[in-house]
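Student: Let's go through this one together. I'd like to know what stands behind each label.

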Amino acid sequence: MSDTANIAKEDKCERSILSLAQAYCQPPEAAPHGERAQLSVGLSELLLVSSIANLRLPVPERSHVAMLVPNGSGLAVALLAVMDRYTAVPLADSEPVRGNLDKLELFAATCLLVPEGPAGLALREAVEAHPTLAHQVKCFTVTILDNGALQLELDAAAPAPASELAPAGPAVSRGGQITLLLGTSGTTGTPTVVPFTPSRMQSGAHLIADTLELGRRDVGANMMPLHHIGGIMVSLFGVLVSAGSMHFLPRFDPSSWFALVAHAAYPITWTHLAPRMWSYILSFAQGQGLLDDGVDGGPASEGAVFRSSHRIRLVRS
């Protein structure tokens, strides 16, 4: 069992996302050498220092907030911050504009966070030109900072209600509230909305952390999409409740993964991927001569990156 797993399990009421992060947050200066990765990949610290960590939007709490934030640490922070006070609806930045418009309608979103750049601008313009969504969805631009945190640009013409701007203590998430909405693919029928409550997500996160034996000393490498339940539950919540750290790569890229394994300041101890992704990783490694003779029977190579001495857990979904 992870060394921090019992903290939230013993709570009489559920923690909010922010108070959960505070419970597991160990300040970097107090951490023994080698026990945590850099501040930019420590989820608890990253969430707490982020300018979006105490997010206030000009919509009521638990409104459905959609996000077209690129995969990576920026989306990790946005998801955790939004889920603390609103209901998060992550959108895939690889999805065509038409598909994301359909999802905004399906999820009854009332707010949309888009990044700077062509993809965000295209979706925002499409929303503003839509006969229904133009009157239903408020759009805001977010900027990804160098440390992976987000800076939100609120429209001065649409200030948040006074009740939303007033300082408040940590919110307590209630079991019946919905913190995340995801959609089914629709490959076997009509796409449907799947709701997730805080209790469901936190319970699942503890099971994942316990099963994978995640702890403070673990440093992961994520390439799973964070608009999918696998990436959210394992790479976000599983790491958060185990007080571990995570490198968030922007996309699936075997070359970047091996470079991180070889050169990360703190050793990568685990990675979670889908089976087909692992097959691509292995094929890439064999083709590039990156495997030592102690790994998978591959031939010895001076350029080997993944050696038999590596102690890394390869987790498949």
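**Pocket, rings and cores**

Tutor: The second largest pocket has a lining of 11 nonpolar, 3 polar and 2 charged residues. Here Ala, Val, Leu, Ile, Met, Phe, Trp, Tyr, Cys and Pro count as nonpolar, Asp, Glu, Lys and Arg as charged, and the others, Gly among them, as polar. This is a predicted model, where local features need pLDDT of at least 70, side-chain atom pairs count only at pLDDT 80 or more, and totals for chains, interfaces and linings use all residues. Residues are numbered from 1 along each chain as its sequence is written, and side-chain values use heavy atoms, with hydrogens and water left out.

Student: What makes the pair of Trp 257 and Phe 258 edge-to-face?

Tutor: Rings of Phe, Tyr and Trp (its six-membered ring) pair if their centres lie within 6.5 Å; planes under 30 degrees apart are stacked, over 60 edge-to-face, the rest tilted. By this rule there are 4 aromatic pairs. For Trp 257 and Phe 258 the centres are 5.0 Å apart and the planes at 85 degrees, so the pair is edge-to-face. Ring pairs also link Trp 257, Phe 258, Trp 278 and Phe 284 into a cluster.

Student: Why is Trp 257 called buried?

Tutor: Buried means under 20% relative accessible area, exposed over 50%, partly exposed in between (1.4 Å probe, protein chains only). Trp 257 has 0% relative accessibility, so Trp 257 counts as buried. Phe 258, at 4%, therefore counts as buried as well.
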